[in-house]
Amino acid sequence: MSSKVILSINAGSSSLKVSVFSYHPSSSSSDPKPLATIQVTGLTAPPATLKYDRGDHHIKSQPLSETDVHSQETAYEYIIHHLTSDAALPELSHPDDIEFACHRVVHGGDYDKPVRIDRDTFHHLEALSDLAPLHNAGALTIVKAVHDSCPKASNIAFFDNAFHHTLPQAARTYAIDQQVAKRNKLRKYGFHGLSYAFIARSVAAHLAVPASELNIIALHLGSGASACCIQGGASIDTSMGLTPLDGLPGATRSGSVDPSLIFHFTHDAGKLSPSSAKGMHITEAEEILNKKSGWQALTGTTDFGAISAKAGDGDAACKLAFDIFVDRIADFVAAYYVKLGGQVDALVFAGGIGEKGAELRRAVVGKVACLGFALDEGRNAEPDGEAVVADIGREEGGGGKPRVLICQTDEQAEMARECVRDADGLRRPA
Ligand SMILES: Nc1ncnc2c1ncn2[C@@H]1O[C@H](COP(=O)(O)OP(=O)(O)O)[C@@H](O)[C@H]1O
Ligand SMILES: CC(=O)OP(=O)(O)O
Ligand SMILES: [Mg+2]
């Protein structure tokens, strides 16, 4: 049997990342082979930028015309055209070459494993989108686009909250009327789970400990940012909640605020926002706290690399944004250190800011130094860019100190890997 193509599609809040893999149906235990990765980033700070990697072909940063690419859907159309027209990627020359399209769906409600998307699951996911309208809607638009352009592909939804199905009851329950909570499914779900699953497995391999014995504090710091407390390889707490708004601030998100704040911010909190669409209802409160806050509101940009640089040059607004992030991250590291009873194998930085933001890592580790974390300045400034997991701590396992690591997380690889492992169960019936 010949090899097959998997398209792994990750619709983030500011980016669309698509990776192409091949796999051999007869060897479900081996990892799929990466063929190419294409990303459109900066969708919230136009013009968006294209990055493409295939073998020796690397387009690092090419700005895209705002008329062509301005949304998740237009970014997907651009990407699929780009991939199928690349003569050096013969495995994917027509959309029909795609056997599986894996979709990162941020809110999966009670789903704790991937599902094939058929008419019923699609409607169920649409209904769930009320809980995460700003995230799920983009992914579902792309599911529709794949369904229309590649009718032969099996569309599989992978849920960002599934990794957190192990949250203990006390961590997942809000102190509100439990009848209403149950009826309306109001609980902590947590997100970035595909990333945390990838991080947990990669770090366990790096430290040569069984995944079921791994205790780490992981930080996924991208446009949306979260922290996760992992004990025995399972999530026991995480900073996002019912929706990805809770916890750490992000590119355009406030993170945790006193819930009463919004009623003092605007009298229209409960009204529908003009960006609501048919089937996607967004209140003014959601719009303000999810899309008009965070780094954008504090500094005028969502580019945390630029914010870090300007903070270093003395720009007061950028310095405040930077300090707020460090303050909030340190709070979670401290809380999770206690939850792990001080038995912490490593503090792990991941996501665009965690992987590239040397200044941010330096400031965070400095703030939690009293817990035993310490950086190697040289390795922090120039980490091993080739390694999936790189040590940047001063101690490498010596002295009983927790390690400090960077993990180049890969949500698309996580989906493709899981897809191959259960290909027979997920494939569309012929
Ligand atoms: N050199 C850098 N230093 C700090 N942050 C960076 C750097 N380069 C990129 N970033 C930030 O990474 C973030 C995007 O992270 P990423 O995980 O790709 O986002 P998404 O949540 O959309 O998947 C942006 O805020 C971007 O500014
Ligand atoms: C869950 C979430 O916030 O995702 P992203 O960081 O990709 O926006
Ligand atoms: Mg992301």
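These are my notebook entries on a predicted model, covering its domains, the shell around its ligand, one annotated residue and a group of strands.

**Entry 1: the domains**

I began with the division of the protein chain, which is split into domain 1 (4-159) and domain 2 (208-407). I looked up how far apart they sit, and the centres of domain 1 and domain 2, taken over C-alpha atoms, are separated by 25 Å. Turning to where they touch, I noted that 15 residues of domain 1 are in contact with 17 residues of domain 2. On the domain 1 side of this contact, helix 3 (residues 133-149) gives the most, with 4 residues. By class, I recorded 7 nonpolar, 6 polar and 2 charged residues on that side of domain 1.

**Entry 2: the shell around ligand 1**

Next I asked which residues are the closest to ligand 1. The ligand is surrounded by 18 residues, and the closest are Gly12, Gly222, Gly305, Gly352 and Gly357. When I sorted the shell by class, I found 13 polar residues, 3 nonpolar and 2 charged. I then checked which parts of the chain supply the shell, and both domain 1 and domain 2 provide at least three residues each. Among the helices, helix 10 (304-312) and helix 12 (351-356) each supply at least two residues, and helix 12 gives the most to the shell, with 4 residues.

**Entry 3: Arg104**

I looked up Arg104 after seeing that the UniProt annotation "binding site", from an unreviewed entry, covers this residue. Arg104 lies in strand 6 (residues 98-105). Is Arg104 buried or exposed? I counted 24 C-beta neighbours inside 10 Å, and because the cut-off for a buried residue is 20 or more, Arg104 counts as buried. Leaving aside its neighbours within four places in sequence, I listed the residues in contact with Arg104, among them Ile9, Asn10, Ala11, Ala139 and Phe158. The list of contacts also includes Asp160, Leu194, Glu411 and Met415.

**Entry 4: strand 9 and its partners**

I moved on to strand 9 (residues 216-221), where 6 of the 6 residues are buried, so this strand is largely enclosed by the rest of the structure. In a regular strand the side chains alternate between the two faces of the sheet. I therefore looked at each side of strand 9 separately, and both faces are covered, with Ile216, Ala218 and His220 buried on one side and Ile217, Leu219 and Leu221 buried on the other.

For the pairing, I found that strand 9 and strand 10 (residues 225-231) run antiparallel and share 6 bridges, while a hairpin of 3 residues joins them. Strand 9 is also joined to strand 12 (residues 346-350) by 5 bridges, and here the two run parallel. His220 appears in both pairings, for its bridge partner in strand 10 is Ser226, and in strand 12 it stands opposite Ala350.

**Entry 5: strand 14**

From strand 12 I followed the pairing onward to strand 14, which pairs with strand 12 in the parallel sense over 4 bridges. Within this pair, Leu347 has Val404 of strand 14 as its bridge partner. Strand 13 (residues 389-391) is joined to strand 14 by 3 bridges and runs antiparallel to it, with Val389 bridging to Cys407.

Finally I checked the burial of strand 14 (residues 403-407), and 5 of the 5 residues are buried, so this strand too is largely enclosed by the rest of the structure. Arg403, Leu405 and Cys407 point one way from strand 14, whereas Val404 and Ile406 point the other way.

Notes. Residues numbered from 1 in each chain as written. Chains lettered and ligands numbered in written order. Predicted model: local features only at pLDDT ≥ 70, side-chain atom pairs only at ≥ 80, totals over all residues. Near = placed C-beta within 6 Å. Nonpolar A, V, L, I, M, F, W, Y, C, P; charged D, E, K, R; others polar. Domains from an automatic or database assignment. UniProt positions renumbered as here; feature names shortened; annotations may be inferred. Buried ≥ 20, exposed ≤ 12 C-beta atoms within 10 Å, placed from the backbone. Contact = placed C-beta atoms within 7 Å. Pairing = 2+ DSSP bridges.
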